[in-house]
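Let's take a walk through this model together, with the sequence and the coordinates open side by side. The text below goes from single residues to the chain as a whole.

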Amino acid sequence: PRVCKLPTSTVPVGLVLSGQGVDTSLSEPGLQQAEAAGMYLRELRFSNVFVSNLLRARQTAEIIMRNNVHSSGVEMVFDPLLRERGFGIAEGRPKEDLKNMANRAGQSCRDYTPPGGETLEQVRLRCKKFLKSLYQRMVDDHGCPGQSSAAVGREARTGAAESGTDGPLPGLPGDGMEGVPLHALVVSHGAYIRVAVRHFVEDLQCSLPQGLKMSKVLSACPNTGISRFVLTVSPTESGLALSAVRCVFTNRKDHLTSRNICYITH
């Protein structure tokens, strides 16, 4: 293996907006970031792994799981419900085009839906559908004796380093896992994860760590940024029901600092 320090400066995310229609593989910086995330998470034990079926997410998940020392036998479930937000006619075009379209429409880039693209509400509905399937899959795999909690770690990946934020916790990989019996790794994409976090906070009234500003919670997720939520699910007569959601941290990128070293085999 060779040892390489991760780049410390912000690298421009590729000129082209990928979305769903441009199914590209990871860039070299992206591979290094995925290796760093894998090293950061290597000692955690994952009960389940759910991954977007787009190539860049699959590659990221494979790298994380290859580095993991406890979860080698866990099946990766590739789920189209975790795909990046569809950006319609803006896909395959420079990202600046999307900003220009939004400006002409008098909207923010985040809220704007290009012709043929997914609205934020459509992405939110996809997220809700995925969460239901996650609950059911984890209960089918591990049972649900009474009330059951599961930590959901959401990890994003799209291309190269972006700006992002860290939560107030000291940055230990196992933060928030005490007493939580199940732990799912969910690998998706930046725009999708931002909608999912907003769903947890606004729709599900997720509890937040003391001192964490809402602007940081809802900020853009950096590439390979890591968020953790603890979901408590209870069985009811009509099926499984979510009874509580707790945010442990969002958009953590400790593994991408200059202090971290990633090991890449060639």
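Start in the loop between helix 5 (190-203) and helix 6 (214-217), where you will find Gln205. As this is a predicted model, what follows describes computed geometry. Gln205 has a positive phi of about 55°, although it is not a glycine. That is worth a second look, because most residues other than glycine have a negative phi. Is Gln205 buried or exposed? With a relative accessible area of 61%, Gln205 is exposed, because the cut-off for that class is over 50%.

Now move along to strand 7 (residues 239-252), which holds Asn251. Asn251 is not a glycine either, and its phi is also positive, at about 55°. Its surroundings can be described by accessibility once more: Asn251 has a relative accessibility of 2%, so it counts as buried, the limit being under 20%. For your backbone checks, then, there is one positive phi at an exposed loop residue, Gln205, and one at a buried strand residue, Asn251.

Next, turn to a pair of helices. The axes of helix 1 (residues 28-40) and helix 2 (residues 55-67) come within 8 Å and cross at roughly 35°. Helix 1 passes helix 2 in a right-handed crossing. Which residues make the contact? From helix 1 come Leu31, Ala34, Glu35, Ala37, Gly38 and Met39, while helix 2 supplies Thr60, Ile63, Ile64, Arg66 and Asn67. Sorted by class, the contact of the two helices has 6 nonpolar, 3 polar and 2 charged residues.

Stay with helix 2 for a moment, since Arg56 is also found there. An unreviewed UniProt entry places the feature "binding site" at Arg56 and Lys95. How do these two positions look in the model? Arg56 has a relative accessible area of 1%, so it is buried. A polar atom of the Arg56 side chain lies 3.4 Å from the backbone oxygen of Val22. Lys95, for its part, is found in helix 3 (residues 95-105). Lys95 is partly exposed, because its relative accessible area of 29% falls between the limits of 20% and 50%.

From here, go to the loop between helix 1 and strand 2 (48-52), where Phe46 lies. Although Phe46 is in a loop, it counts as buried, at 4% relative accessibility. Which residues are in contact with Phe46, leaving aside its neighbours within four places in sequence? They are Leu41, Met65, Asn68, Ser71, Val74, His183, Ala184 and Leu185. A further pairing brings in Leu182: its C-alpha atom and that of Phe46 are separated by 7.4 Å, with the two residues 136 apart along the chain.

Finally, step back to view the whole chain. How many helices and strands are there? The chain has 6 helices and 8 strands, and read along the sequence they follow the pattern β-α-β-α-β-α-α-β-β-α-α-β-β-β. Of its 266 residues, 50% count as buried. Among contacts in the chain with a separation of 6 or more, 85% are accounted for by residues 24 or more positions apart. With that figure in mind, you might return to Phe46 and Leu182 in the viewer, a pair 136 residues apart along the chain.

Definitions and conventions:
Residues are numbered from 1 along each chain as its sequence is written. This is a predicted model: local features need pLDDT of at least 70, side-chain atom pairs count only at pLDDT 80 or more; totals for chains, interfaces and linings use all residues. Side-chain values use heavy atoms; hydrogens and water are left out. Axes are lines fitted to C-alpha atoms, for helices over the stretch in contact, and angles run from 0 to 180 degrees between N-to-C directions. Helices (H or I, at least four residues) and strands (E, at least two) are DSSP runs, numbered from the N terminus. A crossing is left-handed if the near helix is turned anticlockwise from the far one by less than a right angle, and right-handed if clockwise. Contact means heavy atoms within 4.5 Å. Ala, Val, Leu, Ile, Met, Phe, Trp, Tyr, Cys and Pro count as nonpolar, Asp, Glu, Lys and Arg as charged, and the others, Gly among them, as polar. UniProt positions are given in the numbering used here, feature names are shortened, and annotations may be inferred rather than shown by experiment. Buried means under 20% relative accessible area, exposed over 50%, partly exposed in between (1.4 Å probe, protein chains only). A polar contact is a pair of N or O atoms within 3.5 Å; within protein, one must be able to donate a hydrogen and the other to accept it, and residues adjacent in sequence count only if both atoms are side-chain atoms.
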